[in-house]
Amino acid sequence: MIDHENNNRGLTNTNEALELAESLELDLVLVSEGKDVPVAKILNYGKLQYQKKKRQAQSARPVVKEVRFGLNIGVADYKLRIDQAISWLGKGDSVKFAVRLRGREHQYREQAGELLDRVVTDLKSVGKVQSLDKRSLIALIIPA
């Protein structure tokens with residue numbers, strides 16, 4: 001049994017453990033059912049459920065970071081965005097790249113597609129392409 005201060009109390013009678021938990025106004029929770037000896041812990045069960053639910057909600061939602069740039073992006077800005085994407089992919093987030101064209105830039109859609117290809121090749125070591133849509137000029141890269 002483990003008490004409310006995370007001290008290992010060793011083998012304890014179930015009735016004694018329940019009495020101790022009731023005296024502290026906490027709950028006796030079975031942590032793991034071992035083959036030889038089950039492990040129980042004295043804690044606030046409501047708080048445990050709340051933390052468990054919060055962790056599940058946080059890990060369940062996928063995080064997609066978005067990077068947008070124009071066709072005439074400079075070398076330094078491009079490198080900065082790639083470095084950001086590498087750090088995000090390292091943390092486990094997905095990254096969505098979008099090339100935005102304005103006005104007469106629509107004449108150069110091929111160059112925008114080449115820019116997306118360059119992004120994909122630069123991030124090949126840390127991520128893999130989930131989708132590459134050259135028509136809408138969007139690339140979604142997920143961690144490798």
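The legends below describe close-up views of a predicted model.

**View 1. The N-terminal span annotated in UniProt.** An unreviewed UniProt entry places the feature "domain: Translation initiation factor 3 N-terminal" at residues 2-58. In the predicted model, the C-alpha atoms at the two ends of residues 2-58 lie 28 Å apart, and the span is 42% helix and 19% strand.

**View 2. Surroundings of Asp3, in the segment before helix H1 (14-23).** Asp3 is buried, with a relative accessible area of 2%, a value that falls under the 20% limit for that class. The side chain of Asp3 reaches the backbone nitrogen of Asn7 at 2.8 Å, and it also makes a polar contact with the side chain of Arg9, at 3.4 Å. When residues up to four places away in sequence are not counted, Asp3 touches Arg9 and Ile42, so that Arg9 appears both as a polar partner of the Asp3 side chain and in this list of contacts.

**View 3. The aromatic pair formed by Phe69 and Phe97.** A search of the whole structure finds one aromatic pair. The ring centres of Phe69 and Phe97 are 6.1 Å apart and their planes stand at 50 degrees, so the pair is tilted. Phe69 belongs to strand S3 (residues 64-70) and Phe97 to strand S4 (residues 94-100), so the pair ties together parts that are 28 residues apart in sequence. Both Phe69 and Phe97 are buried.

**View 4. A charged end over an aromatic ring, at Arg118 and Tyr78.** The ring of Tyr78 has the charged end of Arg118 sitting over it, with a distance of 4.0 Å to the ring centre.

**View 5. Surroundings of Asp133, in strand S5 (residues 127-133).** Asp133 is partly exposed, and its relative accessible area is 35%, a value that lies between the 20% and 50% limits that bound this class. A polar atom of the Asp133 side chain lies 3.2 Å from the backbone nitrogen of Arg135. With residues up to four places away in sequence not counted, Asp133 touches Leu116 and Ile138. Asp133 and Ala98 are 35 residues apart in sequence, and their C-alpha atoms are 9.7 Å apart in space; Ala98 falls within the residue range of strand S4 (residues 94-100), the strand that holds Phe97 of View 3.

How values were computed. Residues numbered from 1 in each chain as written. Predicted model: local features only at pLDDT ≥ 70, side-chain atom pairs only at ≥ 80, totals over all residues. Heavy atoms only, no water. UniProt positions renumbered as here; feature names shortened; annotations may be inferred. Helix = DSSP H or I, 4+ residues; strand = E, 2+ residues; numbered from the N terminus. Phe/Tyr/Trp six-rings, centres within 6.5 Å; stacked < 30°, edge-to-face > 60°. Buried < 20%, exposed > 50% of the residue type's maximum accessible area, 1.4 Å probe, protein only. Lys NZ or Arg CZ within 6 Å of the ring centre and 35° of its normal. Contact = heavy atoms within 4.5 Å. Polar contact = N/O pair within 3.5 Å; in protein donor to acceptor, adjacent residues only side chain to side chain.
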